[in-house]
Amino acid sequence: MSASRSPASREALPPLEGATRIIGSIALSTAVFMNVLDTSIANVSIPTISGDLGVSSSQGTWVITSFAVANAITVPLTGWLTQRFGQVRLFIISTLLFVLASWLCGFAPSLEALIAFRVLQGAVAGPMIPLSQALMLSSFPKAKSGMALAIWSMTTLVAPVAGPLLGGWISDNYSWPWIFYINVPVGLLAAWISWRVYRDRESVTRKLPIDKLGLVLLVVWVGALQIMLDKGKELDWFASPVIQLLALTAFVAFVFFLIWELTDAHPIVDLRLFKVRNFTVGALTLAVAYGVFFGNVVLLPLWLQSTMGYTATYAGLVTAPVGLLAILLTPIVGKLLATRDPRQLVTVAFLVFALVCFMRSGFNTDADMRTLILPTLVQGAAMAAFFVPLTSITLSGLEPWRIPAASGLSNFLRLTAGAFGTSIATTVWEDRATEHHARLTEIARPGHAPFDQALDTLQNTLAMPRDAALARLDGIINTQAYTMSATDVFYASGVIFILLTGLVWFAHGRRKTANAGGGAAEAAAGAH
(Lines give C-alpha, C1' and ligand atoms only; values in the text may rest on other atoms or scores of the structure.)
Protein backbone atom coordinates (compact mmCIF):
# COMPACT_ATOMS: atom_id res chain seq x y z
CA MET A 1 0.00 0.00 0.00
CA SER A 2 1.65 3.19 -1.10
CA ALA A 3 1.63 6.25 1.05
CA SER A 4 -1.17 8.66 0.28
CA ARG A 5 -0.16 11.88 -1.40
CA SER A 6 -1.96 14.21 -3.76
CA PRO A 7 -0.78 14.29 -7.37
CA ALA A 8 0.19 17.92 -7.01
CA SER A 9 2.46 17.31 -4.05
CA ARG A 10 4.05 14.36 -5.82
CA GLU A 11 4.82 16.52 -8.87
CA ALA A 12 6.22 19.32 -6.67
CA LEU A 13 9.01 17.16 -5.25
CA PRO A 14 11.88 16.58 -7.67
CA PRO A 15 13.77 13.28 -7.43
CA LEU A 16 16.92 13.11 -5.36
CA GLU A 17 20.26 13.39 -7.10
CA GLY A 18 23.71 11.85 -6.82
CA ALA A 19 25.07 10.79 -3.44
CA THR A 20 21.94 11.94 -1.59
CA ARG A 21 19.79 9.48 -3.55
CA ILE A 22 22.28 6.66 -2.98
CA ILE A 23 22.50 7.35 0.76
CA GLY A 24 18.73 7.66 1.09
CA SER A 25 18.15 4.42 -0.82
CA ILE A 26 20.67 2.58 1.38
CA ALA A 27 18.97 3.90 4.55
CA LEU A 28 15.51 2.82 3.36
CA SER A 29 16.81 -0.56 2.19
CA THR A 30 18.51 -1.09 5.56
CA ALA A 31 15.24 -0.47 7.40
CA VAL A 32 13.39 -2.84 5.06
CA PHE A 33 16.12 -5.44 5.46
CA MET A 34 15.80 -5.22 9.26
CA ASN A 35 12.01 -5.56 9.06
CA VAL A 36 11.93 -8.52 6.66
CA LEU A 37 14.84 -10.18 8.49
CA ASP A 38 12.71 -10.36 11.63
CA THR A 39 10.12 -12.47 9.83
CA SER A 40 12.66 -15.25 9.23
CA ILE A 41 15.46 -14.83 11.76
CA ALA A 42 13.37 -16.28 14.59
CA ASN A 43 12.36 -19.41 12.63
CA VAL A 44 15.54 -21.39 13.32
CA SER A 45 15.79 -19.98 16.85
CA ILE A 46 12.39 -21.24 18.05
CA PRO A 47 13.75 -24.46 19.67
CA THR A 48 16.47 -22.45 21.45
CA ILE A 49 13.98 -19.82 22.65
CA SER A 50 11.49 -22.51 23.71
CA GLY A 51 14.10 -24.44 25.66
CA ASP A 52 15.44 -21.35 27.39
CA LEU A 53 11.95 -20.19 28.40
CA GLY A 54 10.79 -23.68 29.38
CA VAL A 55 7.98 -24.12 26.83
CA SER A 56 7.30 -26.54 23.97
CA SER A 57 8.32 -25.83 20.37
CA SER A 58 4.65 -25.58 19.36
CA GLN A 59 4.13 -22.86 21.99
CA GLY A 60 7.33 -21.22 20.80
CA THR A 61 5.84 -20.70 17.32
CA TRP A 62 3.71 -17.96 18.90
CA VAL A 63 6.88 -15.86 18.63
CA ILE A 64 6.43 -16.02 14.84
CA THR A 65 2.65 -15.93 14.53
CA SER A 66 2.12 -13.09 17.04
CA PHE A 67 4.42 -10.84 14.98
CA ALA A 68 2.75 -11.82 11.71
CA VAL A 69 -0.82 -11.26 12.90
CA ALA A 70 -0.06 -7.87 14.50
CA ASN A 71 1.78 -6.85 11.35
CA ALA A 72 -1.13 -7.97 9.17
CA ILE A 73 -3.65 -5.94 11.17
CA THR A 74 -1.71 -2.66 10.89
CA VAL A 75 -0.91 -2.90 7.17
CA PRO A 76 -4.44 -1.77 6.10
CA LEU A 77 -4.09 1.23 8.43
CA THR A 78 -1.04 2.63 6.62
CA GLY A 79 -3.06 4.76 4.22
CA TRP A 80 -5.03 6.48 6.98
CA LEU A 81 -1.98 6.92 9.22
CA THR A 82 0.02 8.41 6.34
CA GLN A 83 -2.62 11.02 5.63
CA ARG A 84 -2.81 11.82 9.34
CA PHE A 85 0.92 12.07 10.17
CA GLY A 86 2.76 12.26 6.83
CA GLN A 87 4.76 9.49 5.22
CA VAL A 88 8.24 10.63 6.35
CA ARG A 89 7.22 11.25 9.95
CA LEU A 90 5.28 7.97 10.12
CA PHE A 91 8.18 6.01 8.65
CA ILE A 92 10.64 7.43 11.19
CA ILE A 93 8.24 6.84 14.10
CA SER A 94 7.59 3.26 12.97
CA THR A 95 11.31 2.55 12.64
CA LEU A 96 12.14 3.95 16.10
CA LEU A 97 9.26 2.07 17.73
CA PHE A 98 10.47 -1.08 15.96
CA VAL A 99 13.90 -0.55 17.54
CA LEU A 100 12.31 -0.11 20.98
CA ALA A 101 10.17 -3.24 20.56
CA SER A 102 13.23 -5.23 19.43
CA TRP A 103 15.13 -4.15 22.54
CA LEU A 104 12.19 -5.19 24.73
CA CYS A 105 11.99 -8.59 22.98
CA GLY A 106 15.61 -9.26 23.91
CA PHE A 107 14.90 -8.52 27.56
CA ALA A 108 11.72 -10.64 27.72
CA PRO A 109 11.87 -12.87 30.85
CA SER A 110 9.03 -15.21 29.79
CA LEU A 111 7.19 -16.45 26.72
CA GLU A 112 4.18 -14.30 27.57
CA ALA A 113 6.32 -11.16 27.73
CA LEU A 114 8.14 -12.06 24.52
CA ILE A 115 4.84 -12.59 22.69
CA ALA A 116 3.53 -9.24 23.96
CA PHE A 117 6.63 -7.42 22.73
CA ARG A 118 6.50 -9.29 19.41
CA VAL A 119 2.90 -8.10 19.00
CA LEU A 120 4.13 -4.54 19.54
CA GLN A 121 7.01 -5.12 17.13
CA GLY A 122 4.70 -6.49 14.43
CA ALA A 123 2.17 -3.69 14.90
CA VAL A 124 4.67 -0.84 14.52
CA ALA A 125 6.36 -2.64 11.61
CA GLY A 126 3.19 -2.53 9.50
CA PRO A 127 3.71 0.89 7.85
CA MET A 128 7.48 0.50 7.37
CA ILE A 129 7.49 -1.61 4.20
CA PRO A 130 4.88 0.29 2.12
CA LEU A 131 6.24 3.68 3.23
CA SER A 132 9.86 2.82 2.50
CA GLN A 133 8.72 1.72 -0.95
CA ALA A 134 6.88 5.00 -1.53
CA LEU A 135 9.88 7.05 -0.39
CA MET A 136 12.19 4.97 -2.58
CA LEU A 137 10.01 5.60 -5.65
CA SER A 138 9.92 9.35 -4.93
CA SER A 139 13.74 9.38 -4.78
CA PHE A 140 14.11 8.32 -8.42
CA PRO A 141 12.86 9.96 -11.62
CA LYS A 142 9.95 8.18 -13.29
CA ALA A 143 12.23 6.84 -16.00
CA LYS A 144 14.27 5.03 -13.35
CA SER A 145 11.40 3.76 -11.19
CA GLY A 146 12.21 0.24 -12.34
CA MET A 147 15.68 0.61 -10.83
CA ALA A 148 14.12 1.73 -7.54
CA LEU A 149 11.86 -1.32 -7.43
CA ALA A 150 14.78 -3.59 -8.37
CA ILE A 151 16.76 -2.30 -5.38
CA TRP A 152 13.67 -2.76 -3.23
CA SER A 153 13.06 -6.32 -4.42
CA MET A 154 16.68 -7.38 -3.98
CA THR A 155 16.55 -6.21 -0.37
CA THR A 156 13.45 -8.25 0.40
CA LEU A 157 15.00 -11.34 -1.22
CA VAL A 158 18.38 -11.08 0.51
CA ALA A 159 16.83 -10.78 3.99
CA PRO A 160 15.19 -14.26 3.98
CA VAL A 161 18.55 -15.72 2.91
CA ALA A 162 20.43 -13.98 5.71
CA GLY A 163 17.75 -14.54 8.36
CA PRO A 164 18.10 -18.30 8.97
CA LEU A 165 21.90 -18.14 8.74
CA LEU A 166 22.22 -15.18 11.07
CA GLY A 167 19.57 -16.48 13.49
CA GLY A 168 21.18 -19.91 13.65
CA TRP A 169 24.70 -18.56 14.11
CA ILE A 170 23.63 -16.14 16.87
CA SER A 171 21.59 -18.82 18.70
CA ASP A 172 24.49 -21.30 18.61
CA ASN A 173 27.34 -18.92 19.45
CA TYR A 174 25.73 -16.26 21.65
CA SER A 175 22.16 -16.26 22.96
CA TRP A 176 18.78 -15.81 21.31
CA PRO A 177 18.13 -12.23 22.62
CA TRP A 178 20.84 -11.02 20.24
CA ILE A 179 18.63 -11.81 17.23
CA PHE A 180 16.61 -8.82 18.47
CA TYR A 181 19.39 -6.66 19.88
CA ILE A 182 21.09 -6.39 16.47
CA ASN A 183 18.11 -4.33 15.30
CA VAL A 184 18.92 -1.52 17.72
CA PRO A 185 22.04 0.01 16.11
CA VAL A 186 20.84 -0.83 12.59
CA GLY A 187 17.42 0.74 13.13
CA LEU A 188 18.74 3.86 14.84
CA LEU A 189 21.23 4.49 12.04
CA ALA A 190 18.58 3.90 9.32
CA ALA A 191 16.11 6.24 11.05
CA TRP A 192 18.70 9.01 11.54
CA ILE A 193 19.90 8.95 7.92
CA SER A 194 16.34 8.70 6.56
CA TRP A 195 15.30 11.75 8.59
CA ARG A 196 18.30 13.76 7.40
CA VAL A 197 17.57 12.91 3.75
CA TYR A 198 13.75 12.98 3.65
CA ARG A 199 12.65 15.44 6.35
CA ASP A 200 12.01 18.18 3.78
CA ARG A 201 10.00 15.83 1.55
CA GLU A 202 7.00 15.33 3.82
CA SER A 203 3.66 14.48 2.22
CA VAL A 204 0.52 16.53 2.76
CA THR A 205 -1.57 15.61 5.78
CA ARG A 206 -5.24 15.91 6.62
CA LYS A 207 -7.52 14.66 9.33
CA LEU A 208 -9.74 11.76 8.32
CA PRO A 209 -12.27 9.83 10.39
CA ILE A 210 -11.14 6.35 11.30
CA ASP A 211 -13.48 3.42 11.34
CA LYS A 212 -13.01 2.62 15.04
CA LEU A 213 -15.65 -0.11 15.22
CA GLY A 214 -14.28 -1.76 12.08
CA LEU A 215 -10.77 -1.71 13.57
CA VAL A 216 -11.97 -3.25 16.85
CA LEU A 217 -13.88 -5.98 15.01
CA LEU A 218 -10.84 -6.65 12.81
CA VAL A 219 -8.57 -7.09 15.83
CA VAL A 220 -11.12 -9.26 17.64
CA TRP A 221 -11.85 -11.77 14.87
CA VAL A 222 -8.26 -12.08 13.64
CA GLY A 223 -6.91 -12.33 17.19
CA ALA A 224 -9.53 -14.85 18.35
CA LEU A 225 -9.03 -17.04 15.29
CA GLN A 226 -5.25 -17.00 15.66
CA ILE A 227 -5.36 -17.87 19.37
CA MET A 228 -7.81 -20.66 18.60
CA LEU A 229 -5.42 -22.11 16.03
CA ASP A 230 -2.40 -21.81 18.31
CA LYS A 231 -4.04 -23.18 21.46
CA GLY A 232 -6.20 -25.82 19.75
CA LYS A 233 -3.69 -28.65 19.97
CA GLU A 234 -2.80 -27.90 23.57
CA LEU A 235 -6.46 -27.69 24.68
CA ASP A 236 -7.78 -30.62 22.58
CA TRP A 237 -9.60 -28.37 20.14
CA PHE A 238 -13.40 -28.22 20.39
CA ALA A 239 -13.47 -30.47 23.45
CA SER A 240 -12.30 -27.33 25.28
CA PRO A 241 -14.79 -24.58 26.25
CA VAL A 242 -12.01 -22.02 25.66
CA ILE A 243 -11.64 -23.08 22.04
CA GLN A 244 -15.40 -23.11 21.58
CA LEU A 245 -15.62 -19.56 22.94
CA LEU A 246 -12.76 -18.38 20.71
CA ALA A 247 -14.37 -19.93 17.63
CA LEU A 248 -17.71 -18.31 18.42
CA THR A 249 -16.06 -14.94 19.08
CA ALA A 250 -14.12 -15.10 15.79
CA PHE A 251 -17.22 -16.07 13.80
CA VAL A 252 -19.55 -13.44 15.29
CA ALA A 253 -16.94 -10.66 15.06
CA PHE A 254 -16.15 -11.62 11.44
CA VAL A 255 -19.84 -11.53 10.43
CA PHE A 256 -20.34 -8.12 12.06
CA PHE A 257 -17.07 -6.95 10.47
CA LEU A 258 -18.33 -7.89 7.00
CA ILE A 259 -21.68 -6.15 7.52
CA TRP A 260 -20.14 -3.01 9.01
CA GLU A 261 -17.37 -2.62 6.43
CA LEU A 262 -19.79 -3.01 3.52
CA THR A 263 -22.10 -0.29 4.86
CA ASP A 264 -19.77 2.23 6.56
CA ALA A 265 -18.97 5.47 4.73
CA HIS A 266 -15.27 5.30 5.59
CA PRO A 267 -14.45 1.58 5.99
CA ILE A 268 -11.04 0.67 7.35
CA VAL A 269 -10.92 -2.13 4.77
CA ASP A 270 -12.54 -1.67 1.35
CA LEU A 271 -14.28 -5.03 0.94
CA ARG A 272 -15.98 -3.80 -2.23
CA LEU A 273 -12.73 -4.68 -3.98
CA PHE A 274 -13.87 -8.29 -3.93
CA LYS A 275 -16.41 -7.37 -6.62
CA VAL A 276 -13.44 -7.19 -9.00
CA ARG A 277 -12.80 -10.68 -10.34
CA ASN A 278 -9.04 -10.44 -10.78
CA PHE A 279 -8.55 -8.95 -7.34
CA THR A 280 -10.57 -11.72 -5.69
CA VAL A 281 -8.85 -14.55 -7.56
CA GLY A 282 -5.37 -13.01 -7.25
CA ALA A 283 -5.61 -12.05 -3.59
CA LEU A 284 -7.10 -15.38 -2.48
CA THR A 285 -4.61 -17.38 -4.54
CA LEU A 286 -1.73 -15.34 -3.12
CA ALA A 287 -3.02 -15.78 0.43
CA VAL A 288 -3.50 -19.55 0.22
CA ALA A 289 -0.18 -20.10 -1.58
CA TYR A 290 1.72 -17.92 0.89
CA GLY A 291 0.06 -19.67 3.84
CA VAL A 292 1.19 -23.08 2.55
CA PHE A 293 4.64 -21.74 1.66
CA PHE A 294 5.23 -20.04 5.02
CA GLY A 295 3.91 -23.03 6.96
CA ASN A 296 6.58 -25.15 5.24
CA VAL A 297 9.24 -22.51 5.89
CA VAL A 298 8.53 -22.74 9.64
CA LEU A 299 8.09 -26.53 9.75
CA LEU A 300 11.37 -27.47 8.03
CA PRO A 301 13.79 -25.99 10.62
CA LEU A 302 11.54 -27.18 13.47
CA TRP A 303 11.74 -30.76 12.19
CA LEU A 304 15.49 -30.53 11.58
CA GLN A 305 16.24 -29.30 15.09
CA SER A 306 13.70 -31.17 17.19
CA THR A 307 13.88 -34.50 15.35
CA MET A 308 17.03 -34.70 13.23
CA GLY A 309 19.38 -33.23 15.83
CA TYR A 310 20.51 -30.26 13.73
CA THR A 311 21.88 -27.17 15.44
CA ALA A 312 20.28 -23.81 14.66
CA THR A 313 23.26 -22.93 12.46
CA TYR A 314 22.98 -26.06 10.33
CA ALA A 315 19.19 -25.71 10.12
CA GLY A 316 19.84 -22.19 8.83
CA LEU A 317 22.26 -23.53 6.21
CA VAL A 318 19.56 -25.88 4.95
CA THR A 319 16.86 -23.19 4.70
CA ALA A 320 18.96 -20.19 3.59
CA PRO A 321 19.55 -21.09 -0.11
CA VAL A 322 15.87 -20.45 -0.87
CA GLY A 323 16.69 -16.88 -1.91
CA LEU A 324 19.64 -17.53 -4.19
CA LEU A 325 17.78 -18.41 -7.41
CA ALA A 326 15.07 -15.90 -6.50
CA ILE A 327 17.63 -13.08 -6.51
CA LEU A 328 19.06 -14.18 -9.88
CA LEU A 329 15.73 -14.82 -11.62
CA THR A 330 13.55 -11.95 -10.36
CA PRO A 331 14.86 -9.42 -12.96
CA ILE A 332 14.22 -12.00 -15.71
CA VAL A 333 10.67 -12.59 -14.51
CA GLY A 334 10.12 -8.82 -14.47
CA LYS A 335 11.07 -8.65 -18.16
CA LEU A 336 8.89 -11.65 -19.02
CA LEU A 337 5.87 -9.93 -17.47
CA ALA A 338 5.94 -7.39 -20.27
CA THR A 339 5.28 -10.09 -22.89
CA ARG A 340 3.87 -13.12 -21.06
CA ASP A 341 0.52 -13.80 -19.43
CA PRO A 342 1.19 -13.62 -15.67
CA ARG A 343 -1.06 -16.66 -15.17
CA GLN A 344 1.49 -18.72 -17.09
CA LEU A 345 4.33 -17.57 -14.84
CA VAL A 346 2.29 -18.28 -11.70
CA THR A 347 1.40 -21.75 -13.00
CA VAL A 348 5.08 -22.53 -13.51
CA ALA A 349 5.84 -21.23 -10.02
CA PHE A 350 3.17 -23.42 -8.42
CA LEU A 351 4.35 -26.50 -10.32
CA VAL A 352 7.90 -25.87 -9.08
CA PHE A 353 6.57 -25.39 -5.53
CA ALA A 354 4.71 -28.71 -5.88
CA LEU A 355 7.88 -30.42 -7.13
CA VAL A 356 9.80 -29.08 -4.12
CA CYS A 357 7.14 -30.34 -1.71
CA PHE A 358 7.08 -33.79 -3.33
CA MET A 359 10.89 -33.93 -3.14
CA ARG A 360 10.67 -33.19 0.58
CA SER A 361 7.95 -35.79 1.03
CA GLY A 362 10.63 -38.37 0.21
CA PHE A 363 12.85 -37.32 3.12
CA ASN A 364 13.77 -39.88 5.78
CA THR A 365 15.91 -39.91 8.91
CA ASP A 366 18.98 -40.81 6.81
CA ALA A 367 18.70 -37.73 4.56
CA ASP A 368 22.06 -35.97 4.23
CA MET A 369 22.74 -32.24 3.91
CA ARG A 370 22.84 -32.33 0.11
CA THR A 371 19.45 -34.08 -0.09
CA LEU A 372 17.92 -31.52 2.27
CA ILE A 373 19.36 -28.44 0.53
CA LEU A 374 18.49 -29.35 -3.08
CA PRO A 375 14.69 -28.74 -2.79
CA THR A 376 15.35 -25.48 -0.94
CA LEU A 377 17.61 -24.30 -3.74
CA VAL A 378 15.03 -25.20 -6.42
CA GLN A 379 12.32 -23.39 -4.45
CA GLY A 380 14.04 -20.08 -5.18
CA ALA A 381 12.98 -20.36 -8.83
CA ALA A 382 9.35 -20.64 -7.73
CA MET A 383 9.66 -17.59 -5.48
CA ALA A 384 10.92 -15.47 -8.37
CA ALA A 385 7.84 -16.31 -10.48
CA PHE A 386 5.38 -16.21 -7.59
CA PHE A 387 5.05 -12.81 -5.88
CA VAL A 388 5.38 -10.31 -8.71
CA PRO A 389 3.09 -11.98 -11.31
CA LEU A 390 0.38 -12.72 -8.72
CA THR A 391 0.46 -9.12 -7.52
CA SER A 392 0.17 -8.01 -11.15
CA ILE A 393 -2.97 -10.14 -11.54
CA THR A 394 -4.43 -8.87 -8.25
CA LEU A 395 -4.09 -5.18 -9.18
CA SER A 396 -4.81 -5.41 -12.91
CA GLY A 397 -7.64 -3.25 -14.20
CA LEU A 398 -8.12 -1.26 -10.99
CA GLU A 399 -8.46 2.52 -11.03
CA PRO A 400 -5.34 4.33 -9.71
CA TRP A 401 -7.13 5.61 -6.60
CA ARG A 402 -8.01 2.04 -5.57
CA ILE A 403 -4.46 0.67 -5.86
CA PRO A 404 -3.33 1.61 -2.30
CA ALA A 405 -6.41 0.03 -0.68
CA ALA A 406 -6.12 -3.05 -2.90
CA SER A 407 -2.43 -3.48 -2.09
CA GLY A 408 -3.10 -3.09 1.62
CA LEU A 409 -5.97 -5.59 1.62
CA SER A 410 -4.09 -8.21 -0.42
CA ASN A 411 -1.06 -7.88 1.86
CA PHE A 412 -3.32 -8.19 4.90
CA LEU A 413 -4.73 -11.45 3.53
CA ARG A 414 -1.21 -12.70 2.69
CA LEU A 415 0.28 -11.93 6.10
CA THR A 416 -2.70 -13.32 7.99
CA ALA A 417 -2.61 -16.48 5.87
CA GLY A 418 1.09 -16.84 6.67
CA ALA A 419 0.33 -16.78 10.40
CA PHE A 420 -2.55 -19.23 10.00
CA GLY A 421 -0.41 -21.46 7.79
CA THR A 422 2.21 -21.68 10.55
CA SER A 423 -0.37 -22.72 13.14
CA ILE A 424 -2.04 -25.26 10.87
CA ALA A 425 1.23 -26.82 9.69
CA THR A 426 2.64 -27.27 13.21
CA THR A 427 -0.67 -28.59 14.57
CA VAL A 428 -1.10 -31.12 11.76
CA TRP A 429 2.56 -32.12 12.20
CA GLU A 430 2.07 -32.96 15.87
CA ASP A 431 -1.29 -34.69 15.31
CA ARG A 432 0.04 -36.88 12.51
CA ALA A 433 3.16 -37.67 14.58
CA THR A 434 0.94 -38.98 17.38
CA GLU A 435 -0.94 -41.19 14.91
CA HIS A 436 2.27 -42.53 13.36
CA HIS A 437 3.76 -43.19 16.79
CA ALA A 438 0.70 -45.22 17.78
CA ARG A 439 0.88 -47.29 14.58
CA LEU A 440 4.61 -47.89 14.88
CA THR A 441 4.32 -49.06 18.49
CA GLU A 442 1.74 -51.62 17.39
CA ILE A 443 4.51 -53.22 15.35
CA ALA A 444 7.52 -52.36 17.48
CA ARG A 445 6.53 -53.71 20.88
CA PRO A 446 7.68 -56.53 23.19
CA GLY A 447 6.91 -59.92 21.72
CA HIS A 448 7.72 -58.89 18.15
CA ALA A 449 11.01 -60.27 16.86
CA PRO A 450 12.54 -57.01 15.49
CA PHE A 451 11.79 -55.15 18.72
CA ASP A 452 13.09 -57.96 20.94
CA GLN A 453 16.26 -58.23 18.84
CA ALA A 454 16.91 -54.49 19.06
CA LEU A 455 16.26 -54.52 22.82
CA ASP A 456 18.58 -57.49 23.25
CA THR A 457 21.33 -55.74 21.28
CA LEU A 458 21.08 -52.60 23.39
CA GLN A 459 21.05 -54.53 26.68
CA ASN A 460 23.66 -57.17 25.97
CA THR A 461 25.95 -55.69 23.32
CA LEU A 462 25.90 -52.09 24.53
CA ALA A 463 25.32 -52.99 28.19
CA MET A 464 22.41 -50.58 28.60
CA PRO A 465 19.93 -50.99 31.49
CA ARG A 466 16.47 -52.16 30.37
CA ASP A 467 14.77 -48.83 31.14
CA ALA A 468 17.43 -46.92 29.20
CA ALA A 469 17.20 -49.35 26.29
CA LEU A 470 13.40 -48.99 26.16
CA ALA A 471 13.72 -45.20 26.27
CA ARG A 472 16.25 -45.35 23.43
CA LEU A 473 13.90 -47.44 21.28
CA ASP A 474 10.99 -45.12 22.04
CA GLY A 475 13.16 -42.20 20.94
CA ILE A 476 13.90 -43.95 17.64
CA ILE A 477 10.18 -44.59 17.11
CA ASN A 478 9.43 -40.96 17.95
CA THR A 479 12.00 -39.72 15.43
CA GLN A 480 10.45 -41.89 12.72
CA ALA A 481 6.93 -40.73 13.65
CA TYR A 482 7.78 -37.02 13.44
CA THR A 483 9.67 -37.53 10.19
CA MET A 484 6.76 -39.41 8.64
CA SER A 485 4.42 -36.67 9.84
CA ALA A 486 6.61 -33.95 8.30
CA THR A 487 6.62 -35.77 4.95
CA ASP A 488 2.81 -35.99 5.17
CA VAL A 489 2.61 -32.20 5.50
CA PHE A 490 5.05 -31.72 2.62
CA TYR A 491 3.06 -34.08 0.38
CA ALA A 492 -0.26 -32.37 1.21
CA SER A 493 1.35 -29.00 0.45
CA GLY A 494 2.39 -30.27 -2.99
CA VAL A 495 -1.18 -31.33 -3.73
CA ILE A 496 -2.48 -27.89 -2.70
CA PHE A 497 -0.02 -26.13 -5.02
CA ILE A 498 -1.19 -28.30 -7.94
CA LEU A 499 -4.81 -27.36 -7.20
CA LEU A 500 -3.83 -23.68 -7.08
CA THR A 501 -2.58 -23.89 -10.68
CA GLY A 502 -6.23 -24.29 -11.66
CA LEU A 503 -7.50 -21.51 -9.40
CA VAL A 504 -5.28 -18.81 -10.89
CA TRP A 505 -6.80 -19.37 -14.35
CA PHE A 506 -10.18 -18.11 -13.11
CA ALA A 507 -8.64 -14.65 -13.37
CA HIS A 508 -8.94 -12.71 -16.61
CA GLY A 509 -5.97 -12.51 -18.96
CA ARG A 510 -3.52 -9.62 -19.02
CA ARG A 511 -5.19 -6.24 -19.34
CA LYS A 512 -3.03 -3.55 -20.86
CA THR A 513 -4.29 -0.74 -18.69
CA ALA A 514 -2.02 2.14 -17.87
CA ASN A 515 -2.48 1.95 -14.15
CA ALA A 516 -2.40 -1.80 -13.67
CA GLY A 517 1.21 -2.20 -14.61
CA GLY A 518 2.42 0.63 -12.44
CA GLY A 519 0.27 -0.38 -9.51
CA ALA A 520 1.32 -3.97 -9.76
CA ALA A 521 4.95 -3.01 -9.98
CA GLU A 522 4.75 -0.77 -6.96
CA ALA A 523 2.98 -3.36 -4.84
CA ALA A 524 5.11 -6.24 -6.06
CA ALA A 525 8.00 -5.18 -3.92
CA GLY A 526 5.76 -5.07 -0.87
CA ALA A 527 4.46 -8.54 -1.67
CA HIS A 528 7.78 -10.03 -0.61
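Is Asp341 buried or exposed, and what is its relative accessible area? Asp341 is buried, because its relative accessible area is 15%, and buried here means under 20% relative accessible area, with exposed over 50% and partly exposed in between (1.4 Å probe, protein chains only). Before going on, a word on what you're looking at: this is a predicted model, where local features need pLDDT of at least 70 and side-chain atom pairs count only at pLDDT 80 or more, while totals for chains, interfaces and linings use all residues. Residues are numbered from 1 along each chain as its sequence is written, and side-chain values use heavy atoms, with hydrogens and water left out.

## Salt bridges

Asp341 has a partner: Arg343 forms a salt bridge with Asp341, the closest N and O atoms being 2.8 Å apart. A salt bridge, for our purposes, is a side-chain nitrogen of Lys or Arg within 4 Å of a carboxyl oxygen of Asp or Glu. By that rule the count comes to three salt bridges. Arg343 is buried too, because its relative accessible area is 13%.

Here are the three salt bridges:

| Basic residue | Acidic residue | Closest N and O atoms |
|---|---|---|
| Arg343 | Asp341 | 2.8 Å |
| Arg432 | Glu435 | 2.9 Å |
| Arg432 | Asp488 | 2.9 Å |

Arg432 turns up twice in the table, with Glu435 and with Asp488. The Asp488 pair links distant parts of the chain, with Asp488 in helix α23 and Arg432 in helix α21, 56 residues apart. Salt bridges that share partners join Arg432, Glu435 and Asp488 into one network. Helices here are DSSP runs (H or I, at least four residues), numbered from the N terminus. Within helix α21 (residues 403-443), Arg432 and Glu435 sit three residues apart, about one turn of the helix.

How covered is this network? Arg432 counts as partly exposed, at 26% relative accessibility. Glu435 is partly exposed at 35%, and Asp488 is partly exposed at 25%.

## Aromatic rings

Now for the rings. Rings of Phe, Tyr and Trp (its six-membered ring) pair if their centres lie within 6.5 Å; planes under 30 degrees apart count as stacked, over 60 as edge-to-face and the rest as tilted. That rule gives 18 aromatic pairs. Take Phe353 and Phe497: their ring centres are 4.8 Å apart and their planes are at 15°, so the pair is stacked. Phe353 belongs to helix α18 (residues 342-360) and Phe497 to helix α23 (residues 466-503), so the pair ties together parts that are 144 residues apart in sequence. Both Phe353 and Phe497 are buried.

These two also belong to a cluster: ring pairs link Tyr290, Phe293, Phe294, Phe350, Phe353, Phe386 and Phe497. One member of that cluster has a charge over its ring, as Arg414 lies over the face of Tyr290, at 4.9 Å from the ring centre. To qualify, NZ of Lys or CZ of Arg has to be within 6 Å of the ring centre and within 35 degrees of the ring normal.

## Helix α20 and a pair of distant contacts

Helix α20 (residues 387-395) is mostly covered, with nine of its nine residues buried. Among them are Phe387, Pro389, Ser392 and Thr394. Just after α20, Gly397 takes a positive phi of about 80°.

Thr394 also pairs up in space with Ala507: the two are 113 residues apart in sequence but 8.8 Å apart, C-alpha to C-alpha. You'll find Ala507 in the loop between α23 and α24 (514-526), and Ala507 counts as buried at 3% relative accessibility.

Gly163 offers a similar kind of example. The C-alpha atoms of Gly163 and Thr319 are separated by 9.4 Å, with their positions 156 residues apart along the chain. Gly163 lies in helix α10 (residues 145-173) and is buried, with a relative accessible area of 0%.

## Surface patch and cysteines

On the surface, Ile93, Leu97, Leu100, Trp103 and Phe107 form a nonpolar patch with about 470 Å² of accessible area together. Patch members have over 30% relative accessible area and no salt bridge; like charges are joined within 9 Å, nonpolar side chains (Val, Leu, Ile, Met, Phe, Trp, Tyr) within 5 Å. The areas come from the Shrake-Rupley method with a 1.4 Å probe. Ile93 lies in helix α7 (residues 87-107) and counts as partly exposed, at 38% relative accessibility.

As for disulfides (cysteine sulfur atoms within 2.5 Å), the structure holds zero. Cys105 is buried at 0% relative accessibility, and Cys357 is buried at 2%.

Terms used:
Helices (H or I, at least four residues) and strands (E, at least two) are DSSP runs, numbered from the N terminus.
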